[in-house]
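Here's a walk through a protein chain, with the model open beside you. Keep the structure handy and follow along.

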Amino acid sequence: MIYSFVETAKDGNQVPIFQSGKPMHSKYNPLKEAETQCNQIELKDLFIILGLGSGYLLKELKKRFPKSTFIVYENSADDISFLFNHIDGLKDFISKNSIPCFTSDQICQTLPYYFKPAIYPTLEIIDNRNWLSEIKNQAYKIKESFNKAIDSISRDYSVQCHFGKFFQHNILKNCHFLKQDQKNHLDLSKIAVITAAGPSLDSKIPWIRENRDNIILISTDTASKSLSKQNINWDCAVSIDGQLVSQAHFIGENLKGKKLILDLCANSSIFRKALKSGANVTPSNNGHPLVSYLSFKMQNKDFSINLCSGSGTVTIACCDFALKAGFSKIIVIGADFGYKNRKPYCKGTYLDRIYNSQSTRVYTSEQQYSHLMFRSDWLEHENNKETTKLLKSYEKSFIQWTIQNNLEMESKDDFYVLRAKTTGNTIIQTSALHFFNEPLFNKKEQISKSDELINAMLPFMAYLRNKNQKQENTDELFNIALKDLVRYTK
């Protein structure tokens with residue numbers, strides 16, 4: 001705890017004193033001090049205040065910007081309890097205005113929950129200088145935690161800005177296709193082999209052929225075409241990308257009887273083709289809030305399996321599916337996280353067909369692949385491959401996923417061998433519910449603007465805000481997103 005006791009300032013207001021003997025606020029006029037600091041602060045949608053103290057800065061900001069949202073971080077739960085017990089009216093003010101107070105070691109967990117750029121496009125972090133000086137040994141760690149959390153939120157928001165519309169439309173279209181109960185029947189006594197589309201997959205084709213009878217082959221959508229061209233039958237394929245180009249992975253493929261694990265955000269043409277071809281489709285969910293809301297509307301009946309995709313990589317989604325299906329040993333090949341031997345992908349992917357069809361004497365497919373590899377300003381040579389900041393982040397996510405799932409990992413000769421330390425009974429039995437026979441909403445007037453519904457609309461609202469920078473009214477964005485949702489459910 002950093003606070004020791006409370007003194008009375010010259011103007012009669014209460015001032016907490018730190019363990020070091022220094023005051024949190026001015027001992028003469030803490031209210032004037034707060035007013036002076038606020039004069040330099042402009043209106044923001046969300047304010048994060050480091051150091052609560054007696055709450056003078058918080059109260060002044062709340063008075064000036066009543067429509068803004070505030071979050072307060074303190075050093076520890078004991079410090080918050082001390083301030084609530086010793087500063088008159090502080091606890092009531094916090095409670096009345098529903099201002100969340102958290103400790104500084106909870107930043108990475110709590111900030112993503114409250115900071116939603118689609119709702120709060122502007123943010124400012126304000127520190128009480130005396131408070132920051134008192135915990136100077138932790139100041140760097142606190143700032144690093146904030147930067148890490150904000151960077152993660154910003155990356156997610158950037159994806160929402162670009163794909164929020166596609167995500168929402170794909171989910172609503174795909175739910176219309178789910179008419180049959182689908183169950184997974186996999187031989188768990190075999191080894192699950194995940195094939196990513198990295199260039200090292202080419203050298204592993206002989207190994208796959210040699211061991212084909214003893215493995216369950218779970219392919220990423222990008223690698224599935226390459227395997228088919230090598231006359232290798234895969235057992236499952238996973239697709240999570242919502243872009244139209246994703247359908248190219250399955251063009252010309254005979255999907256009858258094959259198992260496809262398709263994210264509800266995936267392009268709807270893949271769902272349509274798979275079901276029309278007689279494929280066994282298992283819907284999955286990577287955490288999109290709209291899917292969670294639809295499950296809530298269906299009285300919490302799950303119509304998809306939750307799959308972790310790390311930072312958005314289909315390789316991790318494949319691994320997560322294999323683990324949740326109950327495999328105790330998983331081998332991953334083709335996951336290079338870089339351009340191995342100057343190649344971006346293995347042979348036979350959809351890019352081969354696209355680039356070869358566009359190839360000319362002056363602009364060959366090799367040049368097109370070179371543009372793909374060297375489009376990043378940041379390129380690093382590492383272990384017989386070139387890699388980028390983005391690809392390294394994918395590798396980091398993959399390693400974090402193995403740690404979070406308590407897996408042992410060995411890496412040798414472009415093989416990742418994953419073993420579960422404990423075997424769980426997590427065999428997936430998924431029911432794909434066709435719940436749009438009746439409208440999700442009968443009349444717009446019946447729709448209540450709940451927190452659950454707002455969260456469901458966030459990715460599409462992010463897309464709308466990015467598309468029209470002048471449109472800053474959150475209520476207006478919500479109404480546009482809601483009209484789009486109702487349009488798909490009538």
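## A tucked-away helix and its surroundings

Seven of the nine residues of helix H9 (residues 221–229) are buried, so H9 is largely enclosed by the rest of the structure. Buried here means under 20% relative accessible area, exposed means over 50%, and partly exposed is in between (1.4 Å probe, protein chains only). The buried ones in H9 are Asp 221, Thr 222, Ala 223, Ser 224, Lys 225, Ser 226 and Leu 227. After H9 comes Asn 231, with a positive phi near 60 degrees.

Before going on, some ground rules. This is a predicted model, where local features need pLDDT of at least 70 and side-chain atom pairs count only at pLDDT 80 or more, while totals for chains, interfaces and linings use all residues. Residues are numbered from 1 along each chain as its sequence is written, and side-chain values use heavy atoms, with hydrogens and water left out. Helices (H or I, at least four residues) and strands (E, at least two) are DSSP runs, numbered from the N terminus.

## The chain as a whole

The chain has 17 helices and 18 strands. Of its 490 residues, 50% count as buried. Contact means heavy atoms within 4.5 Å. Taking contacts between residues at least 6 apart in sequence, 64% join residues at least 24 apart.

How far can you trust it? pLDDT is the predictor's confidence in each residue, from 0 to 100. The chain's mean pLDDT is 83, with 85% of residues at 70 or more. Over residues 429–439, though, pLDDT stays under 50, and there the model has 39 contacts beyond four places in sequence. Where pLDDT is low, the predicted coordinates should not be read in detail.

## Two helix pairs

Now for some helix packing. Axes are lines fitted to C-alpha atoms, for helices over the stretch in contact, and angles run from 0 to 180 degrees between N-to-C directions. The axes of helix H12 (residues 314–325) and helix H15 (residues 389–404) come within 11 Å and cross at roughly 15 degrees. H12 and H15 are therefore roughly parallel to each other; that label covers angles under 35 degrees, with over 145 counting as roughly antiparallel, 65 to 115 as roughly perpendicular and the rest as oblique. The H12–H15 crossing is right-handed. A crossing gets that name if the near helix is turned clockwise from the far one by less than a right angle, and is left-handed if anticlockwise.

On the H12 side, the contact uses Ile 316, Cys 319, Asp 320 and Leu 323, and H15 brings Tyr 394, Ser 397, Phe 398 and Trp 401. Sorted by type, the residues of this H12–H15 contact are six nonpolar, one polar and one charged. In that sorting, Ala, Val, Leu, Ile, Met, Phe, Trp, Tyr, Cys and Pro are nonpolar, Asp, Glu, Lys and Arg are charged, and the others, Gly among them, are polar.

Helix H11 (residues 289–297) packs on helix H16 (residues 451–467) at about 145 degrees, with axes 7 Å apart. This H11–H16 crossing is left-handed. Pro 289, Leu 290 and Tyr 293 of H11 meet Glu 452, Leu 453, Asn 455, Ala 456, Met 457 and Pro 459 of H16. The split for the H11–H16 contact is seven nonpolar, one polar and one charged.

Which of these residues is worth a click? Try Tyr 293 in H11. Tyr 293 is buried, with a relative accessible area of 6%. The C-alpha atoms of Tyr 293 and Glu 452 are 6.4 Å apart, although 159 residues separate the two along the chain.

## Individual residues to look up

Ser 284 sits in strand S11 (residues 280–285). At 1% relative accessibility, Ser 284 counts as buried. Beyond four places in sequence, Ser 284 touches Ile 261, Leu 262, Asp 263, Leu 264, Ser 304, Ile 305 and Leu 307.

Ile 150 is in helix H7 (residues 136–177). Leaving out neighbours within four places in sequence, Ile 150 is in contact with Leu 111, Leu 123 and Ile 125.

Finally, a pair of loop residues with positive phi. Most residues other than glycine have a negative phi.

| Residue | Phi | Place | Relative accessible area |
|---|---|---|---|
| Asn 406 | near 55 degrees | loop between H15 and strand S17 (407–412) | 38%, partly exposed |
| Asp 414 | near 65 degrees | loop between S17 and strand S18 (415–420) | 30%, partly exposed |
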